[in-house]
Structures are given as C-alpha cells and as structure tokens.
Amino acid sequence: MLVSIIIPVLNEARLIPTLTASLDLLSGPFEIVLADGGSTDDTVALAQSCGLPIVVAPRGRGAQMNAGAAAAKGDALLFLHADTCLPENALALIEDALQAPEVGGGNFNLRFAGDSWGATALTRIYPLLRRLGLVYGDSAIFVLRSAFETVGGYRDLPLFEDCDLYQRLRRQGRFVRLSEYATTSARRFEGRFLRTFAHWVMLQLLYWLGVAPQRLAQMYRIVR
C-alpha cells in the first residue's frame with residue numbers, strides 16, 4: 001500500500017531540516033507532498049533543496065490538505081503537521097490498521113516534546129480529549145483515500161477542520177487509535193501554557209455549543 005504523506009506548511013523554514021530527517025527514518029512505500037499556503041520565508045526553497053515535492057494551495061490547513069490529497073497518488077493519505085515526528089514503523093502500522101474492512105481511518109497516540117510541565121500536562125490531557133470525541137491534526141490522522149473522497153475531504157473551515165473531518169469519517173467506518181506515539185512540538189504553549197490552554201478550552205466549548213468556526217477564528221489569536 002502506497003501511503004501519501006501530506007504536510008501543510010506556511011513559513012516553516014526552520015522546521016524543514018528536522019522534518020526531512022524524520023521522514024528519512026520511515027520504512028516502507030510512501031510519497032511526500034508538501035502543500036504550501038503562500039510562505040514568505042525560505043520554506044519552498046529549502047523543501048525543494050531537500051527533494052520534497054511542493055504543491056501551491058490557498059492558505060488554510062483544510063484547503064492545503066485537500067490540494068495535497070488531490071496531487072497525491074497513494075491509496076492511503078496521512079496528514080502530518082510539520083512539527084510532528086512519526087514512529088519509524090508508522091507506515092507498516094497504518095497499512096496493518098487499514099487492512100480491517102470496517103476501518104476507514106485512524107490516528108496515533110500523541111506525546112508533546114520536551115520536559116516542561118506544560119508538555120507533560122498536554123501529553124496526559126490528550127487521551128482525555130479523545131474520549132470526548134476530539135481528534136486534532138497533531139496526532140497524524142490517516143485515512144483511506146476512498147473514505148476521504150466519500151466524505152468530501154476537509155471542509156473549508158478556519159478552525160477545527162480536523163475535528164470536523166473526524167466526525168464525518170466516523171460515520172463511514174471505524175476510526176482507530178494506534179497505541180504507538182507520534183511526537184509533536186509544544187511550541188504554541190511555550191511560556192504561556194495556562195493562558196493558551198484556557199483560551200483553547202473556551203474555543204472548544206463554544207464549538208461544542210454550535211458556534212460557527214468562522215466566528216471562533218476571529219477569537220483565535222495564535223498564528224497558525
């Protein structure tokens with residue numbers, strides 16, 4: 001099974017070397033598609049120098065990931081954030097999970113990098129969010145192309161596009177969580193954990209209550 005790894009990027013030049021090194025550790029058949037949303041730094045040039053294919057897309061993770069999926073050739077799509085590293089056997093784990101006929105997609109357990117108390121707290125909190133029916137893109141969502149196309153891909157939402165996709169995928173088949181961990185950066189929370197986390201909880205509660213993501217995006221001060 002060919003797995004297409006789709007990575008939305010926007011001004012992520014400083015992450016490209018680490019991203020490339022982590023992808024080089026993966027084993028199995030895969031392709032990489034970076035979907036750039038209009039970077040103004042050296043993201044595109046560095047990616048090209050590292051041999052990473054680039055597609056140009058409108059800004060916004062949903063639109064960028066849809067553009068990457070359209071350019072991809074794989075039977076399975078793995079949506080990866082630029083600051084998330086996969087376990088080395090990730091592709092074999094994905095292929096094994098998707099062999100079950102009732103499974104349409106899944107994600108990984110998630111660990112936040114670093115030894116700060118904020119990173120530790122986030123690592124412990126994340127499994128609780130899954131129990132509440134919340135899945136975020138940091139955890140490396142993967143899906144069969146057929147299931148992705150059936151639900152119409154990502155919606156053009158400025159916020160919570162991954163939660164929305166997860167909810168629609170669950171109606172098409174079982175969504176599994178792999179026991180192995182992906183590791184992501186806690187950079188959004190560094191030095192401001194309590195304030196940022198409280199802000200995020202507020203936005204999530206409003207999302208549950210039915211407030212449109214377009215309105216919530218106006219309250220979202222963190223640059224994505």
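**Exercise 1.** What share of the contacts in the chain with a separation of 6 or more comes from residues 24 or more positions apart?

*Solution.* Start with the term: a contact means heavy atoms within 4.5 Å. Take the contacts with a separation of 6 or more; residues 24 or more positions apart account for 74% of them.

*Basis.* The model is predicted: local features need pLDDT of at least 70, side-chain atom pairs count only at pLDDT 80 or more, and totals for chains, interfaces and linings use all residues. Numbering runs from 1 along each chain as its sequence is written, and side-chain values use heavy atoms, without hydrogens and water.

**Exercise 2.** Test the chain against the radius of gyration of a compact globule.

*Solution.* The radius is taken over C-alpha atoms, and the globule rule is 2.2 Å times the number of residues to the power 0.38. For 224 residues the rule gives a value near 17 Å. The chain has 17 Å, so the two agree. Add the extents: the C-alpha trace spans about 40 × 40 × 35 Å along its principal axes. Then add burial: 52% of the 224 residues are buried (under 20% relative accessible area, 1.4 Å probe, protein chains only).

**Exercise 3.** Describe the surroundings of Glu31.

*Solution.* Locate Glu31 first: strand S2, residues 30-36 (strands are DSSP runs of E, at least two residues, numbered from the N terminus). Glu31 is buried and has no salt bridge (a side-chain nitrogen of Lys or Arg within 4 Å of a carboxyl oxygen of Asp or Glu). Lys73 is the nearest side chain of opposite charge, 4.4 Å away. Now check the backbone: the nitrogen of Lys73 lies 2.6 Å from a polar side-chain atom of Glu31. Beyond four places in sequence, Glu31 touches Leu2, Val3, Ser4, Ile5, Ala72, Lys73 and Gly74.

Methods. Buried < 20%, exposed > 50% of the residue type's maximum accessible area, 1.4 Å probe, protein only. Lys, Arg positive; Asp, Glu negative; His and termini not counted. Polar contact = N/O pair within 3.5 Å; in protein donor to acceptor, adjacent residues only side chain to side chain.
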